[in-house]
Amino acid sequence: MNEEIVKEIVSVLEDKLKSSGLLNKYPNRVLRGDIVEILDELCTVVYYPLEKDSNNGFHRIIRSKGEAIHFVYINTAQTIDKQVFTAAHELGHLWEVDKIVVDRLGDRINVECNPSINEEIINRFAAELLMPKNEFVNCLKELIKENEVGSEIAVTDLIKIVVQLMDRFLVPFKAVLLRFGEIGVLSSEDVDGLLHDYNNPSGLIYSTVNRFIDLLGYTELRSPYPKKYIKDFAEMLAEAEAKHTLSDEKIKALREEFGITQDGVSIDGVLGTTVMLRNVRTHDQ
């Protein structure tokens with residue numbers, strides 16, 4: 001991606017962080033699982049596991065009575081790092097980052113010649129949001145010093161550092177490697193080669209990543225967290241029950257499916273939020 005597009009993405013990101021007040025709320029810039037809370041405040045997010053679906057998530061707009069209602073779906077059959085990156089990606093769609101960047105650049109960007117440019121912009125936005133360059137580089141330097149490695153680094157040591165960055169920023173292996181390429185830490189050839197090997201589940205790179213995840217105790221990076229949750233869904237069902245807009249059988253089935261107790265508490269939602277916030281606090285201390 002050329003520097004002019006990247007510059008506009010970063011500019012839009014900064015504008016959005018300032019106008020939304022998020023820059024004041026998260027001054028250290030490392031969002032990790034907080035991105036899910038941010039998304040929850042801006043739209044209706046449906047968290048639901050679909051193990052056989054390769055789609056990590058999507059954003060949809062439903063118009064009702066002249067009003068645009070934004071919905072985001074996140075596939076919670078994925079590991080939490082992938083859910084976090086998906087949330088950041090869908091936030092980019094919600095904020096229409098790709099459209100703003102394309103409009104700003106005008107004729108300097110040819111959408112017709114590159115039909116995937118919008119998704120590329122959104123993915124770069126998610127990377128810039130979750131792994132801010134200064135914070136990412138500083139953390140990388142700390143880990144290089146901590147692991148006592150130099151500029152010529154063994155692949156095993158590199159993978160260990162990548163896994164540590166996965167935990168620090170709560171992002172997938174692929175996102176960290178691509179970030180290395182984006183900021184010039186690794187060549188595009190090295191990034192492509194490592195990703196190619198990682199995509200083979202029986203390969204050495206993939207097994208080494210999982211070995212370091214286990215050795216370092218980053219279990220959340222391996223175990224899917226299949227929560228079923230919609231913010232305020234318990235209250236919505238209670239209202240539907242009171243107004244008889246849904247049958248008792250349907251309401252009962254939905255409560256059972258989403259783990260909502262008779263007193264209106266969503267067990268999955270409470271546990272899910274607590275886990276994310278606890279992990280964030282642990283790394284902020």
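**Entry 1: Asp232**

I looked up the exposure of Asp232 in this predicted model. Its relative accessibility is 42%. Since buried means under 20% and exposed means over 50%, Asp232 counts as partly exposed. I then located the residue: Asp232 sits in the loop that links strand S4 (229-230) with helix H12 (233-243). I also noted its backbone angle, as phi of Asp232 is near 65 degrees, a positive value in a residue other than glycine. I recorded this angle because most residues other than glycine have a negative phi.

**Entry 2: Glu148**

I found a positive phi at Glu148 as well, near 55 degrees, and this residue is not glycine either. Where does Glu148 lie? I traced Glu148 to the loop between helix H7 (133-146) and helix H8 (155-169). Is Glu148 buried or exposed? Its relative accessible area is 73%, and the cut-off for exposed is over 50%, so Glu148 is exposed.

**Entry 3: Helix H5**

I turned next to helix H5, which covers residues 97-105. Which of its residues are buried? I listed Val97, Asp98, Val101, Val102 and Leu105. Viewed down the axis of H5, these buried residues fall within an arc of 125 degrees, so they line one face of the helix. I connected this with a general rule: an α-helix has 3.6 residues a turn, so residues three or four places apart point the same way.

I then asked what the buried residues of H5 pack against. The partners are helix H1 (3-20), helix H4 (80-94) and helix H6 (117-130). After H5 comes Gly106, and I noted that its phi is positive, near 55 degrees.

**Entry 4: The whole chain**

I counted the secondary structure of the protein chain and obtained 14 helices and four strands. I compared the radius of gyration with a rule: a compact globule of 285 residues would have a value near 19 Å, and the 20 Å of the protein chain agrees with this. Along the principal axes, the C-alpha atoms fill a box of roughly 65 × 50 × 35 Å.

I looked up burial for the chain and found that 44% of the 285 residues are buried. For contacts between residues at least 6 apart in sequence, I noted that 68% join residues at least 24 apart.

**Entry 5: Surface and charges**

I recorded an accessible surface of about 15600 Å² for the protein chain, with 50% of it belonging to carbon and sulfur atoms. The chain has 33 positive and 47 negative charges, and I noted that their mean positions are 2 Å apart.

Definitions and conventions
Residues are numbered from 1 along each chain as its sequence is written. This is a predicted model: local features need pLDDT of at least 70, side-chain atom pairs count only at pLDDT 80 or more; totals for chains, interfaces and linings use all residues. Side-chain values use heavy atoms; hydrogens and water are left out. Helices (H or I, at least four residues) and strands (E, at least two) are DSSP runs, numbered from the N terminus. The radius of gyration is taken over C-alpha atoms; the globule rule is 2.2 Å times the number of residues to the power 0.38. Buried means under 20% relative accessible area, exposed over 50%, partly exposed in between (1.4 Å probe, protein chains only). Contact means heavy atoms within 4.5 Å. Accessible areas come from the Shrake-Rupley method with a 1.4 Å probe; for residues, only the protein chains shown count as cover. Lys and Arg count as positive and Asp and Glu as negative; His and the chain ends are not counted. The place of a charge is taken as NZ of Lys, CZ of Arg, CG of Asp or CD of Glu. The arc is that of the directions from the helix axis to the C-beta atoms.
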